[in-house]
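Good morning, everyone, and thank you for making time for this. I would like to walk slowly through one structure with you, and I will try to name each part again as we come back to it.

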Amino acid sequence: MDVRSRAVDLLNALWTLGDAGPVRAIAAPDFRYSLSTEGDDLDLEAYIALVAGFRSAFESVDLIFHRVLAEGDRVMAHFSMTGTHGAPIFGVEGTGRAVWIPAMTFMYFDSGRLARQIWVTDFLTLQRQLR
């Protein structure tokens, strides 16, 4: 499987299906995840917990891919996340509203293992939809 397809499959498994198995199977032992480039790195289990927390606040999470570019062992995915806000997040009780969140992720593979992932999400757009 090419790196582009692998990245899409990993994102869908974890974020859409809530299945951490594929990510655990391919993540490098020193995998790091970040919501920015400011040094807020998480290890694999903290990343999986972050996703689980997000998925618990939003029902029926789906990813709609707009662009997925791969070059060598690097992948950039631009997508939208959709779901229904059903439980508290960011101090806001569940609203029952459908939300749309633009996001991008950069995934770095090393020897076929997922070594690093940087996630950029438009949280302002999300917060506006929750208020």
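I will begin with the sheet, go on to the helices, and finish with a few single residues and the salt bridges.

Please keep in mind throughout that this is a predicted model.

Let us start with the sheet. It is an open sheet of five strands, and if you go across it you meet them in the order β1-β5-β4-β3-β2, with a mixed pairing. The edges are taken by β1 and by β2, which covers residues 58-71, and because each of these has a single partner strand, one side of each is left without a neighbour in the sheet. From one strand to the next, the twist averages 20°.

What does "mixed" look like in the individual pairs? On one hand, β1 and β5 run parallel and are joined by four bridges, and here Tyr33 has Gln117 in β5 as its bridge partner. On the other hand, β2 and β3 run antiparallel, with 11 bridges joining them, and Ile64 stands opposite Ser80 in β3. The hairpin of β2 and β3 has two residues between the strands, and in this hairpin Gly72 takes a positive phi near 60°.

Now for the helices. Helix α1 covers residues 3-16, and we can check its length with a little arithmetic: at 1.5 Å a residue, its 14 residues should span 20 Å, and the C-alpha atoms at its ends are 19 Å apart, which agrees. At the N-terminal end, α1 is capped by Asp2, which has a side-chain oxygen 3.2 Å from the backbone nitrogen of Arg4. Just after α1 comes Gly18, with a positive phi of about 75°.

Which residues of α1 are buried? They are Val3, Ala7, Val8, Leu10, Leu11, Ala13, Leu14, Trp15 and Thr16. As you look at that list, it may help to recall that an α-helix has 3.6 residues a turn, so residues three or four places apart point the same way.

As for where this helix sits, α1 lies across β1, β2, β3, β4 and β5, and runs at about 165° to β2. Helix α3 also packs on the sheet, where it touches β1, β2, β3, β4 and β5, and its direction makes about 130° with that of β2.

Let me now pick out three residues, beginning with Val51, which lies in helix α3. Val51 counts as buried because its relative accessibility is 1%, and buried means under 20%. Leaving out residues up to four places away in sequence, Val51 touches Leu14 and Trp15, and both Leu14 and Trp15 are among the buried residues of α1. Val51 and Ala20 are 31 residues apart in sequence, while their C-alpha atoms are 9.4 Å apart in space.

The other two residues belong together. Thr105 has its place in strand β4, and Gln117 is found in strand β5. Is Thr105 buried or exposed? Thr105 is buried, since its relative accessible area is 0%, and Gln117, at 1% relative accessibility, counts as buried too. The side chains of Thr105 and Gln117 are joined by a polar contact of 2.9 Å. Apart from neighbours within four places in sequence, the contacts of Thr105 include Leu11, Val75 and Phe79, and those of Gln117 include Leu11, Phe31 and Tyr47, so that Leu11 of α1 appears in both lists.

Finally, the salt bridges: how many are there? The count comes to two. One of them is formed by the side chains of Arg24 and Glu45, at 2.7 Å from N to O. This pair links distant parts of the chain, as Arg24 is in helix α2, residues 21-26, and Glu45 is in helix α3, residues 44-57, 21 residues apart. Arg24 is partly exposed, with a relative accessible area of 42%, and Glu45 is likewise partly exposed at 42%.

Asp41 forms a salt bridge with Arg116, and their closest N and O atoms are 3.3 Å apart. Asp41 lies in the loop between β1 and α3, whereas Arg116 is in strand β5, so the pair ties together parts that are 75 residues apart in sequence. Asp41 counts as partly exposed at 31% relative accessibility, and Arg116, with a relative accessible area of 24%, is partly exposed as well.

Technical notes: Residues are numbered from 1 along each chain as its sequence is written. This is a predicted model: local features need pLDDT of at least 70, side-chain atom pairs count only at pLDDT 80 or more; totals for chains, interfaces and linings use all residues. Side-chain values use heavy atoms; hydrogens and water are left out. A salt bridge is a side-chain nitrogen of Lys or Arg within 4 Å of a carboxyl oxygen of Asp or Glu. Buried means under 20% relative accessible area, exposed over 50%, partly exposed in between (1.4 Å probe, protein chains only). The expected span of a helix is 1.5 Å times one less than its number of residues. A polar contact is a pair of N or O atoms within 3.5 Å; within protein, one must be able to donate a hydrogen and the other to accept it, and residues adjacent in sequence count only if both atoms are side-chain atoms. Two strands pair if DSSP finds at least two bridges between them. Axes are lines fitted to C-alpha atoms, for helices over the stretch in contact, and angles run from 0 to 180 degrees between N-to-C directions. Contact means heavy atoms within 4.5 Å.
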